[in-house]
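Got your viewer open? Load the file below and follow along, one selection at a time.

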Amino acid sequence: MDRKPGVYLCEGCGIAEAVSVDDLEQVASGELKVPACKRHAAFCSEEGVALIAKDIESGEVNQPIIVACSPRVMTDRFTFPDAQVIRANLREQVIWTQPPGEEDTQALAADNLRMAVAQAKNSDPPVPHGEGGASRKLLVVGGGVSGLTAAREAARMGVEVILVEKGSALGGWARKWSRTIPHRPPYRDPQPNGIGDLIAAVEADPAVTVMTGALVTRTAGGPGDFTVTLSQGGKETSERVGAIVVATGWRGYDIARHEYLGYGTSPDIVTDIEFEELLANGGIKRKSDGAVPSNLAFIIPGDSERMPYSSGVSDRVAIKQALQVIEAVPDAMVYVIYEDLRAHGTAEEFYRQGQEAGIIFQKGRVKSVAADLTVTLDDDLLGQEVPLSGLDMVVLSTGMVPNSTNVDLSPAEEGADQLADDIDPAAPVKVARGNGEDEAEAAETSGNGAAENGAAEEGGEPALPGGPILNLQYRQGPHLPILAHGFADSHFICFPYETRRSGIYTCGPVRRAMTIADSQQDAQGAVLKAIQAMRAADASTALHPRVGDLSFPEFGLDICTKCRRCTVECPFGAIDEQDDGYPVLNATRCRRCGTCMGACPVRTISFKNYSAQMVADMIKAVEVPDEFEEKPRILVFACENDAYPALDMAGINRHRISPYIRIVPVRCLGSVTMLWISTALECGYDGVMLMGCKTGDDYQCHFVKGSGIAQERMAKVGETLKSLALEEERVQVEEVSIADSGRVAELLNSFAGKIDEIGLNPFKGF
Amino acid sequence: MSGADQKTPGGKTKFTYYPGCSSQGSGKHLDESLRAIAPKIGIELEELDDWNCCGASVGHIGGGVLPNTALTGRNLANAQKQGPQDVVTGCAACYLNTHAGNEKIKSDVKMRRRVNEALSAADLSYDEDLQVRHMCEVIVNDVGVEKIREQVTNPLTGLKVAGYVGCQTVRPFASTDGGGQYDTYEDPKFLDDFAEACGAEAVPFDPKTSCCGGSVSVMSPDRTLHLIKEILQAAKDAEADVISTPCPLCQTNVEMYQDAINKKFGTDFNIPVVFYSQLMAVAFGMDPHKDASLQRNTIRSKKMEDMGKK
Amino acid sequence: MSEGRPRSQTIAVIGAGIAGVTAAVEVAETGYDVVLLEKGPSLGGRVTRLNRYFPKLCHPTCGLEINYRRIKENPRLKVITMAEVQGVSGSRGNYSLTVKTRPRYVNANCTACGACSEVAETEVTDPFNYGLSRVKAAYLPHEHAFPMRFVVAPEVIGTPEAEKIKAACKYGAVDLDEVEETFELSAGAVIWATGWRPYDAAKIEVYGYKDCPDIINNVELERLANHDGPTGGRILRPSDGEPAKKVAFIQCAGSRDINHLPYCSMICCLASLKHAAYLREQYADAEVDIYYIDIRAHDKMSAFYDRIRNDPQVNFIKSKPGHIVAGEDGRPLVCGERTIEREIYRNPYDLVVLATGMVPSLGANFTAPADLEKDEYGFVLPSVADDGGQFSAGVASGPIDVALSTQSATAAALKAIQAVRAG
Amino acid sequence: MSVALPAEAERTYDLNFARWVYRNVNGGDKLSLCMQCGVCSGSCPIGTQMDYGPRKLFMMIRAGMKEEVLSSNTMWNCTSCYRCVVRCPRGVPVTYILQDLASKAVEFGYAKKEDNTRFSKAFWWSAKTFGRTDERLVTAKYYFSFGLVEGIRKGLGNLKIALGMIKAGRMHLGASHGVKDRKGLQAILKKAAEIEAREATES
């Protein structure tokens with residue numbers, strides 16, 4: 001398609017008062033020779049929009065370059081079918097941060113126009129990578145409450161489901177149990193867990209194919225087109241599914257690891273899991289002599305002694321079980337020993353119910369549980385050490401260990417070496433160094449201290465034992481990435497279902513320790529996300545966070561050196577390697593962040609509307625004054641989700657920013673290629689700043705590790721700069737959040753000051 | 001939230017009046033001034049016939065729960081004979097004990113049965129649904145503060161009043177349905193409203209619901225003088241001419257220990273402590289002695305007496 | 001009701017806080033039409049006013065930015081601000097919502113250029129900052145406001161100043177003739193995401209919120225800590241503007257208390273831990289005391305609790321204070337009993353923060369429609385019935401944190417879609 | 001008269017004493033709801049003079065510490081200000097429980113020497129004898145409960161106050177006021193005590 005750019009210079013919101021629109025028009029028509037150039041007092045007005053629309057309809061323009069406000073506003077108005085809209089930000093990032101009428105302000109405005117035109121010249125409308133035909137079938141792994149709920153809810157949406165359960169029967173833990181923590185008013189009494197009805201509903205649902213005693217032995221492909229190999233009774237079948245919900249649940253934490261709790265020294269010291277089974281199976285009886293106990297202590301050890309995530313559930317379980325004891329044995333003396341009783345939310349009512357029923361709650365730390373069942377505790381509220389004797393049963397709260405792996409399997413042979421790395425939460429950032437290096441050596445973690453803090457590092461053992469659940473046939477290994485304590489959770493508070501494996505969603509206790517009611521709600525959410533993934537795959541559009549984006553990276557294999565950087569660095573494992581070593585994109589897995597583009601040393605990865613060449617041309621489009629003018633130019637790459645809005649908001653707040661700054665929004669800092677840095681320095685820019693999101697344990701990058709990768713890459717720029725006799729400080733990476741509207745101005749101004757101190761780029765003019 | 005200026009008066013006018021034991025001793029001036037102002041604010045107080053001690057809280061310790069409640073039962077049984085009108089008392093402790101006892105008898109079937117069994121020894125019984133109320137609550141909810149304002153002929157202009165509510169007048173019933181929801185436990189406004197309605201100035205006074213030590217002050221003042229001192233200090237800091245209170249025990253404690261406090265802490269308090277009803281009597285232009293009983297205050301308020309002479 | 005009316009496939013989402021925004025976006029991205037109704041002038045609800053989220057200490061506007069972009073780009077999603085739902089009638093597939101819109105006095109022509117604000121003189125209480133600051137009578141609700149459109153405060157309507165404001169707008173965006181309007185909206189399913197308000201700390205008389213400027217609540221502290229708040233992000237004493245370095249947090253200020261909120265609000269412990277982190281980040285010599293009954297750091301939050309607990313300048317005092325009074329120097333004095341040490345204390349602070357809980361906005365007086373179940377606190381329960389068409393999300397459904405709110409919103413979106421599919 | 005106390009506990013947290021309190025102490029049925037927040041002890045006007053304070057006393061009840069609880073001075077320092085009652089987040093009627101614990105301590109012989117014991121006995125004597133409280137006689141009886149010499153000393157200490165009250169007409173010197181139907185009143189009280197005794201032995 002022919003590119004037909006047209007420049008639309010808006011005079012509104014004070015632009016015409018602050019800069020000379022005549023001069024801008026001269027730049028557009030004269031200097032840049034854009035055939036169409038129009039002005040209007042407010043392009044966002046009905047009249048203004050109609051003006052642009054008319055040009056598009058007449059076929060005169062298909063790339064309207066709107067030189068007005070930030071691309072973050074008026075988006076709906078400046079959306080035209082059959083046209084590719086380019087925005088140049090003259091309001092928020094020029095006239096709101098610069099004094100009106102100054103030469104430098106005019107220069108900044110002109111440069112923003114030049115960059116937009118350069119962007120247009122390198123940009124084509126994206127075309128879909130696929131042609132539809134995505135599978136609408138859902139694979140649910142795990143037949144407990146979460147998996148059953150997921151299957152049922154998906155079926156209600158008209159989606160066909162294959163439900164795979166490892167064990168011989170559906171129902172998971174809940175099938176062995178009877179009552180659960182109340183989640184409906186009056187929040188007072190344990191309520192039936194409803195598992196029987198749920199199993200029956202799923203089994204009766206014609207849309208659900210249940211496979212028990214079955215495993216997923218292999219998963220290949222991507223959203224809309226996963227090929228899964230299912231093994232049942234030694235027989236393997238292959239299925240094509242569009243998305244996967246992983247609901248593999250949990251297992252008990254091994255409380256015997258803490259000897260002082262006495263587990264194993266007496267048959268009457270049991271875990272809460274064992275006790276739950278006693279409750280469900282018709283009676284509370286001591287294992288030792290079958291007698292009904294009448295003095296029981298429930299011990300909730302501190303989180304440091306078990307799975308820290310478990311407090312979401314186990315404190316309430318202790319209350320529930322204690323209540324059930326009193327219900328069965330009204331005269332029983334029942335104690336719950338806790339440090340902080342986490343009966344949060346409406347469970348406070350449940351706590352009160354427990355107290356009213358006569359449960360004695362003791363705040364303190366247990367020091368020992370003897371084989372004769374004497375519990376010794378530091379009783380905080382009595383202020384003394386108390387031996388609790390005469391007990392005839394002790395129940396220990398364990399913890400919920402997520403089944404992020406299948407412990408029945410030995411680590412998969414294929415990709416076994418990647419196990420520890422892949423599921424190590426402390427290693428969110430993996431960077432390959434270069435051509436042909438051994439992967440194991442090439443992999444390293446970011447320098448943000450994450451590695452030192454990682455739980456998996458302690459004792460040097462892999463975080464989790466066992467084989468992979470899905471056995472992903474991905475370049476980046478067979479496992480789902482996990483977070484702290486092995487939970488396959490999302491790292492994002494706002495987006496609880498985002499995993500690093502597109503189209504695969506976790507729910508229930510494999511994601512976070514949760515109750516039955518929470519698991520059911522969680523399964524509903526996961527199903528919706530899975531359905532969206534299948535729809536997106538069908539439409540060739542991206543998933544979170546660039547929902548709806550049709551662009552995708554294309555690989556120019558002719559000059560590819562098979563360095564494998566792209567396949568290693570992709571935060572989502574979207575790129576595999578062919579047998580011949582060339583990268584191959586699984587487009588439906590791709591989130592369109594451009595990290596691969598930033599990684600590629602030969603710049604052969606590009607999007608239709610976002611490429612190394614495009615940004616390089618934008619960089620070159622800026623008029624860099626010669627050294628005699630003594631006006632530096634500083635290039636800023638700003639993450640479009642956080643730093644760029646922060647820069648806009650600096651404008652909204654009318655903060656003054658150095659006029660020498662030129663800002664290029666990037667999809668993610670991970671997409672910043674070294675080429676852009678070198679181009680900038682060659683063009684005579686005096687400094688470059690990269691503004692990306694926070695990295696480390698609490699990373700805020702929505703592409704997980706793009707920002708960290710950029711830091712890693714730039715750490716090496718210093719040496720290059722030095723070799724060119726340039727100061728290292730000329731290139732800086734800053735972690736900037738969206739809330740830094742005040743700080744960005746300070747950062748940029750002080751960077752401009754520093755450049756001033758260092759002096760201008762000696763290569764200027766070469 | 002103060003109920004005083006937000007509620008429309010309930011309008012009840014006739015009450016069975018329970019003066020309580022202090023009316024015959026330390027709290028005589030409360031009783032006298034209340035009886036004096038009652039007709040002015042449109043309420044009729046018919047004294048409870050042959051009333052007995054409410055038992056108060058210490059009585060419970062000496063006698064036990066049931067005998068104590070039976071004392072209340074006897075009063076209520078006699079009140080029942082006088083008619084269905086609400087029982088009202090001006091004494092905080094009488095109110096608290098009688099109100100609580102009444103609620104317990106009414107809500108607890110077993111307690112009602114036991115109390116009536118005891119009452120039967122004197123051929124009495126209590127089976128009606130009487131309400132036991134505090135005079136202040138009646139003034140807020142049935143009389144209305146506006147009515148007080150209307151009756152003022154001798155506004156107490158320039159008199160600075162520290163409104164000391166004390167504990168039991170508001171706790172633990174003032175914010176309950178049974179207690180008439182007439183004010184808050186910790187920051188009640190009604191007493192200041194009363195003073196302002198009388199034309200006086202209610203000064204800011206933080207310890208309005210601090211404790212004077214109650215009966216512990218009577219028994220072992222050494223343990224509680226510091227509490228009373230804080231009340232006096234706050235009143236002095238606020239440059240109050242008088243402290244006003246609704247509670248006979250508070251009135252006595254805060255008034256009579258001032259010498260002892262001055263001796264112990266080296267202070268020089270000499271602040272009159274009067275009942276709100278005394279303020280009203282003076283403001284209504286009534287006799288400062290016969291009606292307002294100002295002569296019964298051991299620390300006398302010259303300012304009020306002068307106002308009363310007008 | 002309106003039996004003959006065609007079934008609606010549109011889903012109405014009431015409330016555009018994090019839960020409502022999430023629910024609406026999730027519905028739209030699954031290919032269904034959705035109308036998002038917001039009472040205020042801009043989206044984001046309570047979370048927009050938070051400085052950061054626990055436990056990551058990331059900024060709420062970051063996730064909102066992504067969501068707003070999704071809204072801007074999705075033609076299936078329609079946003080109506082200044083709109084309050086007065087009532088809902090009908091049944092699944094066939095609801096009618098009575099919606100009342102309040103005037104903003106600024107129409108869609110607004111470019112957010114700010115000319116109106118420049119001529120405005122009157123300052124009104126800034127609702128975004130919980131009244132801790134004042135703002136010009138023509139204002140942008142805040143820097144991240146979406147839609148990015150100004151508001152003219154009703155206080156100046158009818159004054160010459162309003163005419164001046166109108167005249168300043170070159171785009172005909174100021175419309176002083178706007179009036180309250182009521183209209184009916186058809187929907188096949190409804191998601192209640194009406195959120196919460198902080199418990200009125202003044203109701204806890206003994207904690208002196210009304211009496212002492214240096215006793216504030218936790219949402220106010222969020223504004224003080226926020227870069228676009230009244231102090232530019234510095235945590236200062238409201239009384240004299242001095243840095244607040246010795247700060248007490250009073251947990252369960254209202255929550256877990258039958259006299260106030262019988263339930264535990266779930267988020268306040270974590271919020272105070274987060275606030276301790278703010279203070280420690282701002283002032284190297286800050287000292288923080290957290291008065292608590294139980295620190296309820298649920299699931300993964302326990303690691304966050306450990307992190308704050310390991311800070312020697314953050315003390316945890318197991319005690320529910322009896323009262324807080326102004327000391328002789330005017331500083332707040334927290335009085336009570338340290339339960340573990342069995343000591344009576346009277347501790348002075350620069351600033352006392354009441355960790356107030358969450359009250360459902362719908363409130364106890366809200367009459368739930370027939371197919372919605374409400375508990376005695378006013379929370380609308382997530383629906384379990386198969387034939388319902390109304391659902392709840394976020395804090396409207398119970399006292400939960402942001403992660404659980406977004407989880408519940410995603411689930412509610414699914415249930416609402418199922419309802420309109422079933423008709 | 002109350003139900004007999006349970007036997008000495010053999011171990012800490014034997015719940016028999018706690019259960020006795022729950023069942024036999026006025027307000028005790030709400031005691032199990034105490035969550036040990038400390039608002040009661042922290043609100044107490046003279047809490048510093050209490051050995052344990054209500055919160056800890058309640059924990060000790062759960063721990064079965066009968067002797068320590070009944071010998072405590074906590075209930076004797078209660079001024080009945082009811083702050084704890086209105087502030088308790090769990091609705092535990094703290095003041096009432098303390099009052100009845102005091103009563104039980106008297107009944108079971110744990111509190112013979114407390115000032116309050118003497119005072120309440122004097123108070124009850126007046127109520128029982130006259131049907132009304134005679135402040136002068138109660139005070140006198142209270143002072144003399146310490147013995148003749150101590151009584152005169154204490155009484156003289158307050159002589160000035162007494163004289164002031166007499167002068168103001170708020171303390172009379174004549175015969176005690178009383179109810180008309182003393183006989184009936186005494187019969188009621190006797191019957192009430194009988195009922196309590198009967199119930200205590202029945203249970």
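How many disulfides does the structure hold over all chains? The count is 0, with a disulfide taken as a pair of cysteine sulfur atoms within 2.5 Å.

Some ground rules before you click. This is a predicted model, so local features need pLDDT of at least 70 and side-chain atom pairs count only at pLDDT 80 or more, while totals for chains, interfaces and linings use all residues. Residues are numbered from 1 along each chain as its sequence is written, chains are lettered from A and ligands numbered from 1 in the order in which they are written, and side-chain values use heavy atoms, with hydrogens and water left out.

**Stop 1: two cysteines**

Select A:Cys701 and A:Cys668. The sulfur of A:Cys668 is the closest cysteine sulfur to that of A:Cys701, but at 3.9 Å it is too far for a bond. A:Cys701 is buried at 3% relative accessibility; buried here means under 20% relative accessible area, exposed over 50% and partly exposed in between (1.4 Å probe, protein chains only).

Now go to B:Cys247, which is in no disulfide either: the nearest cysteine sulfur, in B:Cys250, is 3.5 Å away. B:Cys247 is buried too, with a relative accessible area of 8%.

**Stop 2: the A–C interface**

Show chains A and C together. Of the 5 pairs of chains that touch, this one has the most contacts, a contact being heavy atoms within 4.5 Å. On the chain A side 86 residues take part, and on the chain C side 76. The two chains bury about 7000 Å² between them, 54% of it on carbon and sulfur atoms; buried area is the accessible area (1.4 Å probe) that two parts lose on being put together, summed over both. Color A:Met157, A:Arg184 and A:Ile493: in chain A they lose the most area to chain C, together 10% of what that side buries.

Next, look at the polar side of things. Chains A and C share 10 salt bridges, each a side-chain nitrogen of Lys or Arg within 4 Å of a carboxyl oxygen of Asp or Glu. Zoom in on C:Arg296 and A:Glu348 for one of them, where the closest N and O atoms are 2.6 Å apart. There are also 41 residue pairs in polar contact, both at pLDDT 80 or more. A polar contact is a pair of N or O atoms within 3.5 Å; within protein, one must be able to donate a hydrogen and the other to accept it, and residues adjacent in sequence count only if both atoms are side-chain atoms.

Which helices should you highlight? On chain A, α4 (91-95), α6 (145-156), α11 (347-356), α15 (516-539) and α19 (643-652) each supply at least two residues of the side touching chain C. Helices (H or I, at least four residues) and strands (E, at least two) are DSSP runs, numbered from the N terminus. α15(A) gives the most, with 11 residues.

**Stop 3: the B–D interface**

Switch to chains B and D. Here 71 residues from chain B meet 58 residues from chain D, and the area buried is about 5400 Å², with 59% of it from carbon and sulfur atoms. Pick out B:Ile61, B:Met219 and B:Arg223, which lose the most area to chain D within chain B, together 13% of what that side buries. The pair has 6 salt bridges; one to display joins B:Arg114 and D:Glu199 (2.6 Å, N to O).

What about chains A and B? They do not touch, and their nearest C-alpha atoms are 19 Å apart.

**Stop 4: inside chain C**

Select α6(C), residues 218-225: 8 of its 8 residues are buried. Its cover includes α2 (45-48), β14 (246-253) and α7 (268-282) of chain C, among others. At the N-terminal end, C:Asn217 caps the helix, with a side-chain oxygen 3.3 Å from the backbone nitrogen of C:Val219.

Then move to C:Ile191 in strand β11 (residues 189-192), buried at 0% relative accessibility. Add C:Ala12, 179 residues away in sequence but 6.2 Å away in space, C-alpha to C-alpha. Beyond its neighbours within four places in sequence, C:Ile191 has contacts that include C:Val27, C:Phe391 and C:Ala416.

**Last stop: a loop in chain A**

Finish at A:Asn62, in the loop between α3 (46-57) and β3 (63-68). A:Asn62 is buried at 10% relative accessibility, and a polar atom of its side chain lies 2.6 Å from the backbone oxygen of A:Asp2.
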